[in-house]
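This report describes the contacts in a complex of protein and DNA. Please look at the sequence and the structure below before reading on.

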2 protein chains.
Amino acid sequence: MDLRHLRYFVMVAEEGHITRAAERLGIQQPPLSRQISQMERELKVQLFRRLPRGVSLTSAGQAFFSEAKAILSRLDHAVETAQRTARGEQGTLCIGIAPTAPFNPLVPLAIRSFRETFPRVSLILQEGLSNEIVGQFEREQMDVAFVRARQIHAEGVSVAALQEEPLVAALPSRHTLARTRTKPLQLRSLSSDSFIMIGPPGTGLYDETVAACRAAGFVPRLGQPAPRITSTLGLVAAGLGIALVPSTLQGARMTGVVYRRLQDPTPKAFLGLAWRRSNPSPILRNFLGLVRGMAERRAPEHHRAAKTANDDRSRT
Amino acid sequence: MDLRHLRYFVMVAEEGHITRAAERLGIQQPPLSRQISQMERELKVQLFRRLPRGVSLTSAGQAFFSEAKAILSRLDHAVETAQRTARGEQGTLCIGIAPTAPFNPLVPLAIRSFRETFPRVSLILQEGLSNEIVGQFEREQMDVAFVRARQIHAEGVSVAALQEEPLVAALPSRHTLARTRTKPLQLRSLSSDSFIMIGPPGTGLYDETVAACRAAGFVPRLGQPAPRITSTLGLVAAGLGIALVPSTLQGARMTGVVYRRLQDPTPKAFLGLAWRRSNPSPILRNFLGLVRGMAERRAPEHHRAAKTANDDRSRT
DNA sequence: TCCATGCCATACCTCAAAGGTATCAAGATC
DNA sequence: GATCTTGATACCTTTGAGGTATGGCATGGA
């Protein structure tokens, strides 16, 4: 049997009239007549009763009719779903988010904008540090991630720069340098403090912090490591050390913590978008396009220069 | 698009290999290749990625794949449903039942046997007197009914006789004639009693009772009319009158009611099956066949003679 | 580097079957 | 009984599905 048969059958059933159904189908009556009786022979079921005027469904025909209509509409639906999926408008996208990323307004803005543009895509948001995200990319459990690391050490994963934001020092409010809030701080002046790090070496902020201190001429003394950004600030507030954090973190006010800008050359925190280049998901393409477009609009002059990837063939 | 396309697509998706899929489909590789790409062109969606070895579904292809499989299996299901419906094995049958009919074992036996033989047919059982059933037949709300009336006064409704059972007298236990339980009673001897009737004139038992009394040489005095058989027996037990009831009613023992057989010529209660001759439902055919076969097996000698209908063209 | 292999795509041919035209047959209608 | 309506049948045309032969591309081993 053929979909044509189903379509013809449904039309005849709805019209109750082969000639009229043929007209609406844009064919002649005899072929339609033949298709119907052929279908009946194939199913070994009489679908219509031939009346003096027109035809009417038998009970078997009625049963088949409702199924046939459902099948046809389901097919239409399937086609639309496939097309939407191909256009990246439907499906699932798994987004990794570095713990400090959501403080940068670009991240929530991008996600909200994507949701609005592609309402049929369901997003799975997953917090994770760069090193945790590596594994997820390799297991193909993640499509894209907002990261703080300039490179992700996994085969075929690119990182596109979105923004560079200044690092600021988070100090306990009783710290001697916490008084003069307006003047930028010399990073050197923190060389004897303990640095509270988020996550192990290899993650974005860890590496940026160490690099910044090196550039300022000292090796940071490592304090208590903290698993999450909130606990980092908690430890700072408790006076257990200081931390360098992206400036947007200042949005997270915490009693007992004071933020101080740093003097030139201001160390920078990186915010980037990582994805597997071989991932063909059209949803991913849409997401990359939207987020990168957004980042360019917000900082067009930085973008080109900062754009990078973990290997030379950085075209998506 | 065609069902063939769907089937081919599913096979290729399952094999991940056009050549192998073609083999399993019993066709050559080139036509299959063409059908697939034709389908992709028609849907304007790339369903497969061509790999060096074989093909793999794109995300759109995956979305379409699960739908396609569901559609195909639903189609199979639809065909089976239609065939079962045509054979009268699936659907709905609305059965009317006269209030006194279920006491005759034939009725519950027939219904149970039908249920077991055709488990996919859902039965709607509806109690009703002959005169109520007429309207339901005319509105095509009823397919078949166990009735006590020998004729149903509705156009095109036939009644087939199933059984004739003796009428017995239901007497209050304090009735003078309730003592001698073994000897059959003269119907005449009840001529001065009030008769409790179930339902109005035109219903089966009413007419049979009046006819029996007429034959015995008197016109029955009508007592309180009763809507249901149970209330009839209640009124008898209360001493408000007597009733003639089918002998199988004796199964419904009720304190205060005594049953007495009647002397020859024993008046008879009729049990028949009514249906619209123009009703083409195959389920109805099956039901008629099963019940009539059952009745013949239980009373083969009565059946032929008693068979009747409300007009001359009594073939189904 | 080159050849063999595996696999999909393309070109061209054949033939089944879908659609078209003409006409018949059976009821309904007046 | 003539006419209309409507589905069925006969026969022809044409579309397109399937077959055969072959090309093209990537992989993998010598």
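Across the interface of domain 2 and domain 3 of chain A, three residue pairs are found in polar contact, both residues of each pair at pLDDT 80 or more; a polar contact is a pair of N or O atoms within 3.5 Å, where within protein one atom must be able to donate a hydrogen and the other to accept it, and residues adjacent in sequence count only if both atoms are side-chain atoms. By class, the side of domain 2 of chain A that touches domain 3 of chain A has five nonpolar, four polar and three charged residues, with Ala, Val, Leu, Ile, Met, Phe, Trp, Tyr, Cys and Pro counted as nonpolar, Asp, Glu, Lys and Arg as charged, and the others, Gly among them, as polar.

The model is predicted, and local features need pLDDT of at least 70, side-chain atom pairs count only at pLDDT 80 or more, and totals for chains, interfaces and linings use all residues. Residues are numbered from 1 along each chain as its sequence is written, chains are lettered from A and ligands numbered from 1 in the order in which they are written, and side-chain values use heavy atoms, with hydrogens and water left out.

**Domains of chain A**

Chain A is divided into domain 1 (3–86), domain 2 (91–162 + 272–306) and domain 3 (165–268), the bounds coming from an automatic or database domain assignment. The C-alpha centres of domain 2 and domain 3 of chain A lie 26 Å apart. Twelve residues of domain 2 of chain A are in contact with 17 residues of domain 3 of chain A, where contact means heavy atoms within 4.5 Å. Between these two domains of chain A an area of about 1200 Å² is buried, of which carbon and sulfur atoms give 61%; buried area is the accessible area (1.4 Å probe) that two parts lose on being put together, summed over both. The count of salt bridges between domain 2 and domain 3 of chain A is two, a salt bridge being a side-chain nitrogen of Lys or Arg within 4 Å of a carboxyl oxygen of Asp or Glu. A:R150 forms a salt bridge with A:E208, and their closest N and O atoms are 3.1 Å apart.

**Chain A against chain B**

The contact between the two chains takes 27 residues from chain A and 27 residues from chain B. About 2500 Å² is buried between chain A and chain B, and carbon and sulfur atoms give 69% of this area. A:E67, A:I71 and A:R74 supply 20% of the area that chain A buries against chain B, more than any other three residues. Two salt bridges are counted between chain A and chain B, and B:E67 forms a salt bridge with A:R74, with the closest N and O atoms 3.2 Å apart. Six residue pairs are in polar contact across this interface of chain A and chain B, both residues at pLDDT 80 or more.

On the side of chain A that touches chain B, α1 (3–15) and α4 (59–86) of chain A each supply at least two residues, helices being DSSP runs (H or I, at least four residues) numbered from the N terminus. The most comes from α4(A), with 17 residues. The residues of this side of chain A divide into 17 nonpolar, five polar and five charged.

**The DNA strands**

Of the 23 residues around DNA strand C, A:Y8, A:R34, B:T19, B:S33 and B:R50 come nearest, a residue being near a strand if one of its heavy atoms lies within 4 Å of it. Sugar and phosphate account for 71% of the atoms of DNA strand C that come within 4 Å of the protein. The largest share of the surface near DNA strand C, five residues, comes from α3(A).

DNA strand D is surrounded by 21 residues, of which the closest are A:T19, A:S33, A:R50, B:Y8 and B:R34. Of the atoms of DNA strand D within 4 Å of the protein, 68% belong to sugar or phosphate and the rest to bases. Here α3(B) gives the most to the surface near DNA strand D, with five residues.

The table lists polar contacts between protein and DNA.

| Residue and its atom | DNA atom | Distance |
|---|---|---|
| A:Q35, side-chain N or O | strand C, sugar or linking oxygen | 3.4 Å |
| A:Q38, side-chain N or O | strand C, phosphate oxygen | 3.3 Å |
| B:T19, side-chain N or O | strand C, phosphate oxygen | 2.6 Å |
| A:T19, polar side-chain atom | strand D, phosphate oxygen | 2.6 Å |
| B:R4, side-chain N or O | strand D, sugar or linking oxygen | 3.3 Å |
| B:Q28, polar backbone atom | strand D, phosphate oxygen | 2.8 Å |
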